[in-house]
Amino acid sequence: MPPAVNRTMTGAEWGLLVGLSVLWGGSFFFNRVALQALPPLTLVTLRVGLAALLLTLVVRGQGGRLPRDRRIWAAFLGMRLLNNAVPFSLIVWGQTHIASGLAAILNATTPLWTVIVAHGLTTDERMTGRRLAGVLIGLCGVAVMVGPAVLGGLGTDGLAQGAILAAAMSYAVAGVFGRRFARMGVPPLVTAAGQVTASSLLLAPLALALDRPWTLMPPGLPVWGAVLGLAALSTALAYVLFFRLLASAGATNLALVTFLIPVWAIILGALVLGEHLDPRHSAGMGLVAAGLAAIDGRLLDRLRRRPARAAPDHAATGRCSRSSTVPRCLRRTGNPRRRKRL
């Protein structure tokens with residue numbers, strides 16, 4: 001696997017990253033709708049369970065099957081905790097106590113944690129000053145987009161905010177842990193199906209025992225639509241893109257998706273729901289773009305490589321500069337009187 005932190009992502013990888021941010025940006029909206037009728041643990045179980053069913057059908061439709069190797073399933077069990085069960089549950093529970101905007105800011109700390117975790121646990125994704133600066137700029141951009149008003153609630157519900165931060169750290173560890181699937185030769189589609197299947201086997205008994213969903217009022221069509229959106233788009237399709245990017249671009253590059261999630265949440269809200277865009281939204285998006293540009297590095301490299309203004313050709317102008325040597329100056333002027341005078 002090529003070094004991820006020190007290499008620039010390709011255009012195709014940036015396109016996949018943007019697509020993933022759109023899919024995960026919609027999950028906050030789907031969560032908000034579904035939580036009106038479903039408890040958090042039941043919602044998370046439905047999300048991963050339906051996604052597991054969809055992905056397994058796709059794998060079977062392509063003539064494949066889930067692996068039987070115990071080592072691979074042990075890795076699936078690790079990913080189900082780090083990348084599904086723990087962060088999904090913490091985020092959904094946290095959103096029941098704090099505003100979604102504040103949750104988005106806290107979740108956007110994932111790249112910062114990933115830079116730290118990858119630096120300590122890998123040899124090819126080491127921390128660089130440019131990457132760390134880009135992460136901090138992007139995080140500031142997310143805070144500006146959401147606005148200072150929502151930060152007024154910072155500290156009022158420390159347990160819920162700590163839950164979102166713990167979810168961000170869990171995502172960071174999962175990104176580094178999940179790199180092993182590429183080394184095992186497991187395709188991204190099979191990896192996504194195995195991960196959510198393992199998560200379903202863990203969460204289903206807990207949801208049945210704790211939430212007792214059969215005692216709940218039957219959800220309406222909007223709630224079921226939100227659950228299907230979470231399962232098919234924000235989980236099944238999103239994790240196919242996730243593991244494909246993880247295999248090619250690395251954990252630290254992949255974690256940048258959390259900067260783009262609030263951007264698309266705001267844009268979709270303006271386009272679909274008619275919400276108003278404030279100047280702070282544009283300023284925050286500009287900071288996010290600056291942070292991503294700093295991490296990508298290509299724009300800065302082009303600016304550094306821009307050729308300096310060419311020095312004047314003294315031979316063409318017939319003038320001697322003060323820095324010119326006497327022999328060259330005499331050759332260029334060709335003036336016998338000046339040659340004698342010198």
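Biologist: Which residues do ring pairs link into a cluster?
Modeller: This is a predicted model, in which local features need pLDDT of at least 70 and side-chain atom pairs count only at pLDDT 80 or more, while totals for chains, interfaces and linings use all residues. Residues are numbered from 1 along each chain as its sequence is written, and side-chain values use heavy atoms, with hydrogens and water left out. Rings of Phe, Tyr and Trp (its six-membered ring) pair if their centres lie within 6.5 Å, which gives a count of eight aromatic pairs. Ring pairs join into a cluster the residues Trp24, Trp73, Phe76, Phe181, Tyr239, Phe242 and Phe243.

Biologist: How many residues apart in sequence are the parts that the pair of Phe76 and Phe181 ties together?
Modeller: The two rings form a stacked pair, 5.2 Å centre to centre with 25° between the planes, where stacked means planes under 30 degrees apart, edge-to-face over 60 and tilted the rest. Phe76 and Phe181 are both buried, that is, under 20% relative accessible area, whereas exposed means over 50% and partly exposed lies in between (1.4 Å probe, protein chains only). Helices are DSSP runs (H or I) of at least four residues, numbered from the N terminus; since Phe76 lies in helix H3 (residues 70-95) and Phe181 in helix H9 (residues 180-184), the pair ties together parts whose separation in sequence is 105 residues.

Biologist: Are the planes of Tyr239 and Phe242 stacked or edge-to-face?
Modeller: Tyr239 and Phe242 are three residues apart in helix H11 and so about one helical turn from each other. Tyr239 is buried at a relative accessible area of 0%, and Phe242 is buried as well, at 5%. With 5.5 Å between the ring centres and 80° between the planes, this aromatic pair is edge-to-face.

Biologist: Which helix gives the largest share of the largest nonpolar core?
Modeller: A nonpolar core is a set of buried Ala, Val, Leu, Ile, Met, Phe, Trp, Tyr and Cys residues joined through side-chain atoms within 4.5 Å. The largest one here has 76 residues, and those with the most contacts inside it are Leu17, Leu20, Phe242 and Phe259. Nine residues, the largest share of this core, come from residues 221-249, which form helix H11.

Biologist: How many residues are in the second, separate core?
Modeller: Ala34, Leu38, Val223 and Val227 are among the members of this second core. It is separate, and its number of residues is nine.

Biologist: Which helices do the buried residues of H2 pack against?
Modeller: Helix H2 (residues 40-61) has 22 residues, and because the expected span is 1.5 Å times one less than the number of residues, it should span 32 Å, in agreement with the 32 Å between its end C-alpha atoms. Its buried residues include Leu41, Thr42, Thr45, Ala51 and Ala52. These buried residues of H2 pack against helix H1 (11-34), H3, helix H10 (188-210) and H11.

Biologist: What is the distance that separates the C-alpha atoms of Ala207 and Pro39?
Modeller: Ala207 lies in helix H10 and counts as buried at 5% relative accessibility. Leaving aside neighbours within four places in sequence, its contacts (heavy atoms within 4.5 Å) are with Leu41, Thr42, Thr45, Arg212 and Pro213. Ala207 and Pro39 are 168 residues apart along the chain, yet the separation of their C-alpha atoms is 9.2 Å.

Biologist: Is the phi of Arg212 positive or negative?
Modeller: Arg212 is found in the loop between H10 and H11, where it is partly exposed with a relative accessible area of 44%. Most residues other than glycine have a negative phi. Arg212 is not a glycine, but its phi, at about 45°, is positive.

Biologist: Which residue has a backbone oxygen that lies 2.6 Å from a polar atom of the side chain of Thr109?
Modeller: Thr109 lies in the loop between helix H4 (100-107) and helix H5 (110-121), and it is buried, with a relative accessible area of 11%. Beyond its neighbours within four places in sequence, Thr109 is in contact with Leu139, Leu165 and Ala168. The backbone oxygen that lies 2.6 Å from a polar atom of the Thr109 side chain belongs to Leu106.

Technical notes:
Helix = DSSP H or I, 4+ residues; strand = E, 2+ residues; numbered from the N terminus. Polar contact = N/O pair within 3.5 Å; in protein donor to acceptor, adjacent residues only side chain to side chain.
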